[in-house]
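Welcome! Below are some short exercises, each with a worked solution. Have a look at the picture and try each task before reading on.

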Amino acid sequence: MKRRAVLSTVALALPAMPASAQTAIDLDALRRDVWDTEVAFARSMAERDLAAFERHLSPHTVFWSGSKVLRGKAAVVEAWKRFYEGAQAPFSWAPDEVVVIGDGTLATSTGPVRDPGGKVVARFRSVWRREADGRWLIVLDRGEPAEPSKP
């Protein structure tokens, strides 16, 4: 009888648990998805495709441009469109690390930013959010010096 009561309690509790707790999350697969998404995002610069850049942005994205904060997709696209003018990209970037949080809803990516000659001039740090349809959209992005200043 006790076993039946325990099983009934577990059966009743399962529907109340979040979906992420009910199914195993493949964090390695999600990390690869974010990596591929970051690579596609960077390719938008190399291919001079502002529309592709824009498709990676959350409507509520926040980018830092120096000390200025750009809020929302429209503000970011307006500020970044100058980087998409001309035949040659003024810089490029690529991930060297991606980490996804345990519930699979957010991820961070980071990596070097290079000038057209290939010299590392900065690092980027981005935060991605997985949308209900499975797409990863960038919600936060900030560049920083290539090497942190020493105290």
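A residue counts as buried when its relative accessible area is under 20%, and as exposed when that value is over 50%. Please keep in mind that this is a predicted model.

**Exercise 1. Find out whether Ser 44 is buried or exposed, and describe its surroundings.**

Step 1: Place the residue. Ser 44 sits in helix H3.

Step 2: Apply the cut-off. The relative accessible area of Ser 44 is 1%, so this residue is buried.

Step 3: Look for its contacts. Leaving out residues up to four places away in sequence, Ser 44 touches Asp 49, Ala 52, Phe 53 and Tyr 84.

Step 4: Look further along the chain. Ser 92 is 48 residues away from Ser 44 in sequence, yet their C-alpha atoms are separated by 9.8 Å.

**Exercise 2. Describe helix H3 from its start to just past its end.**

Step 1: Check its length. H3 has 20 residues and spans 29 Å from first to last C-alpha, close to the 28 Å expected at 1.5 Å a residue.

Step 2: Examine the start. Here a side-chain oxygen of Asp 26 comes to within 3.3 Å of the backbone nitrogen of Asp 28.

Step 3: List buried positions. Among them are Leu 30, Val 34, Thr 37, Phe 41 and Met 45. It helps to recall that an α-helix has 3.6 residues a turn, so residues three or four places apart point the same way.

Step 4: Step past the end. Just after H3, Arg 48 has a positive phi of about 60°.

**Exercise 3. Work out which elements build the largest nonpolar core.**

Step 1: Start with the best-connected members. The core has 26 residues, and those touching the most other members are Phe 41, Met 45, Phe 53, Leu 57, Phe 63, Trp 80 and Trp 93.

Step 2: Assign elements. Two or more residues each come from helix H3, strand E1 (57-65), helix H5 (73-80), E4, E5, E6 and strand E7 (136-145).

Step 3: Find the largest share. H3 gives it, with five residues.

Step 4: Zoom in on one member. Apart from neighbours within four places in sequence, Leu 57 is in contact with Phe 41, Phe 63, Lys 73, Val 76, Val 77, Leu 137 and Ile 138.

**Exercise 4. Trace the strands that pair with E5.**

Step 1: Begin with E3 (residues 92-93). E3 and E5 (residues 106-114) are antiparallel and share two bridges; Trp 93 has Val 113 as its bridge partner.

Step 2: Go on to E4 (residues 97-100). Four bridges pair E4 with E5, again in the antiparallel sense, and Glu 97 is partnered by Thr 110. The hairpin of these two strands has five residues between them, and Gly 104 takes a positive phi near 75° there.

Step 3: Finish with E6 (residues 120-130). E5 and E6 run antiparallel and are joined by nine bridges, with Ser 126 as the partner of Ser 109. Their hairpin also has five residues between the strands, and in it Gly 118 has a positive phi near 100°.

**Exercise 5. Place these details in the whole protein.**

Step 1: Count the elements. There are five helices and seven strands, in the order α-α-α-α-β-β-α-β-β-β-β-β from the N terminus.

Step 2: Consider burial. Of the 151 residues, 32% are buried.

Step 3: Consider the surface. About 9,600 Å² is accessible, and carbon and sulfur atoms hold 57% of that area.

How values were computed
Residues are numbered from 1 along each chain as its sequence is written. This is a predicted model: local features need pLDDT of at least 70, side-chain atom pairs count only at pLDDT 80 or more; totals for chains, interfaces and linings use all residues. Side-chain values use heavy atoms; hydrogens and water are left out. Buried means under 20% relative accessible area, exposed over 50%, partly exposed in between (1.4 Å probe, protein chains only). Accessible areas come from the Shrake-Rupley method with a 1.4 Å probe; for residues, only the protein chains shown count as cover. Two strands pair if DSSP finds at least two bridges between them. A nonpolar core is a set of buried Ala, Val, Leu, Ile, Met, Phe, Trp, Tyr and Cys residues joined through side-chain atoms within 4.5 Å. Contact means heavy atoms within 4.5 Å. The expected span of a helix is 1.5 Å times one less than its number of residues. A polar contact is a pair of N or O atoms within 3.5 Å; within protein, one must be able to donate a hydrogen and the other to accept it, and residues adjacent in sequence count only if both atoms are side-chain atoms.
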